[in-house]
Amino acid sequence: METQMLRKTLVEMDNMGKFLQCEREVSTVYELGGVLKHFDNKMPILFNKVKDYDMRVAGGLYGNREIIYKLLNMTHENRIFKFMEAIANPQAYKVLESGPVKENKISRNINLEKILPISKFQEKDSSSFITAGVLVIKDPETGKHHTSVRRFQSNGRNELSALIASSKLTNDFLKLEEKGKPMEVAIVLGYDAEFLMASQISAETYGLDKYEVDSALRGEPLELVQCESVDLLVPAYAEIVLEGRIVPGKRELEGPFGELMGYYGPQNPHPIIEIDLITYRDNPIYQVAFPCREEHVSNGLIREVEMYYHLKNQVNVKDVNVTEGGGYRFNAFASIKKEKPGDGKSAILAALGSNRDLKQVVIVDEDVDIFDLRDIEWAITTRAQASLDFVTIPGAIGSGLEPSHGLRNITDKLGIDASKPLNDEDEKFERACIPDYENIDINRYFPNIK
């Protein structure tokens, strides 16, 4: 039995009962994405019949945080500490002479759209897009491997447009481009939760080799093989690897594309990747993610780690939630144990300072469930007054992925202190409760209820 990458993951998901197989033929144009969206991109699905392709497609794999916890053998309560342990104590990876990903190779007459079931998801998308590909590069100064989930627009034949929005990635490419040199890259499809989570940790912040973080997360060395045409390592048990180069001096229009917050991103010129070689397993499984939920669940989990530790330096923080409705980056809730009158405001400042993308944060007491929107709304309604507890910061740096930011290229930020007064002598803010309510077994009263 395999212990790494996608096939291992599919077995684990099947054992969890969190996995569907679709036997009806689906089209890569709208239909496949529509099925994934129906389940809110939180149900892992294996499409066994894809129109015009003799290749299965797996999607919706990592859109549910509870599934990610189980795959990583962690709990909600210990997740932050497990991630921090991997960041603080990276472990060595292992290089193999060969692996299953090299069972087949294509090096001539490459036409990506004929080989791979690359999907078109939304009406005004400019083309079909690879949405679950993990880009692998090597830091030109340190030699460390960096990975990140990127979108790749299919331009026909062997060409992809590369959206390389990261400042470090862009700067590294521009430095090479000034010298007339390409940037060697690989694109990995068919990976597991450890590989995905390691890719979401900021190389700029931590300066780590992502493969070493991956090894720490999985508790054993990540097994890698050497690429054939570029000087990079890739997972030995991945399904598909595209090897190529971001070429200097060449741009193509990329977009529009249905983006993170449900709007179409603009069309802009972006660099081109020329694919020189494809390696893949026997009977490969192509990996897809409906834009852009799966990647951003994992990204939000890492943002929670960073926010937690920013808050921990200021207040007694209990838990944090970088929310789904905010695209796992723009909105957050945090619960604290209030010890001083100013703790709520201090928590707001710490949270907004943890990441420039964060636009709105709500601070509540530890008796509020920060994963229950109804409880958050209740806390704001009953424990906050706008003139006293709403903190606004106009004209701050935000993110271009949030459409209203683009109106002025700055963002107003909001913090809401919805914590109760520290000295509640009259117990006005004590929540009414039923003793031992949490232990009621409703099936004793209604045996047939589900």
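This briefing describes selected strands and surface patches of the structure shown above. The structure is a predicted model. Strand S7, residues 134–138, pairs in the antiparallel sense with strand S8 and also with strand S11. Elsewhere, strands S4, S12 and S13 make up an open sheet. Two surface patches are also described: one is negative, and the other is nonpolar.

**Strand S7 and its partners**

- Four of the five residues of strand S7 (residues 134–138) are buried, so the strand is mostly covered when buried is taken as under 20% relative accessible area.
- Five bridges connect S7 with strand S8, which spans residues 145–149, and the pairing is antiparallel.
- One of the paired positions involves Ile137, whose bridge partner in S8 is His146.
- S7 and S8 form a hairpin with six residues between the strands.
- Within this hairpin, Gly143 adopts a positive phi near 80°.
- S7 also pairs with strand S11, residues 183–189, through three bridges in the antiparallel sense.
- For Val136, the bridge partner in S11 is Ala186.

**The open sheet of S4, S12 and S13**

- This open sheet has three strands in the order S4-S12-S13, and its pairing is mixed.
- Its edge strands are S4 (94–95) and S13 (233–235), each of which pairs on one side only.
- Strand S12, residues 223–226, runs antiparallel to S13, and three bridges join the two strands.
- Gln226 has Leu233 in S13 as its bridge partner.

**The negative surface patch**

- Glu425, Asp426, Glu427 and Glu430 form a negative patch on the surface.
- Glu425 is located in the segment that follows strand S23 (411–417).
- The relative accessibility of Glu425 is 73%, and this residue therefore counts as exposed, the cut-off for exposed being over 50%.

**The nonpolar surface patch**

- A nonpolar patch of about 750 Å² lies on the surface and is made by Ile434, Tyr437, Ile440, Ile442, Tyr445, Phe446 and Ile449.
- Ile442, one of these residues, is found in the segment after S23.
- Ile442 has a relative accessible area of 40% and is therefore partly exposed, a class that lies between the cut-offs of 20% and 50%.

Notes:
Residues are numbered from 1 along each chain as its sequence is written. This is a predicted model: local features need pLDDT of at least 70, side-chain atom pairs count only at pLDDT 80 or more; totals for chains, interfaces and linings use all residues. Side-chain values use heavy atoms; hydrogens and water are left out. Buried means under 20% relative accessible area, exposed over 50%, partly exposed in between (1.4 Å probe, protein chains only). Two strands pair if DSSP finds at least two bridges between them. Patches are made of residues with over 30% relative accessible area and no salt bridge: like charges are joined within 9 Å, nonpolar side chains (Val, Leu, Ile, Met, Phe, Trp, Tyr) within 5 Å. Accessible areas come from the Shrake-Rupley method with a 1.4 Å probe; for residues, only the protein chains shown count as cover. A salt bridge is a side-chain nitrogen of Lys or Arg within 4 Å of a carboxyl oxygen of Asp or Glu. Lys and Arg count as positive and Asp and Glu as negative; His and the chain ends are not counted. The place of a charge is taken as NZ of Lys, CZ of Arg, CG of Asp or CD of Glu.
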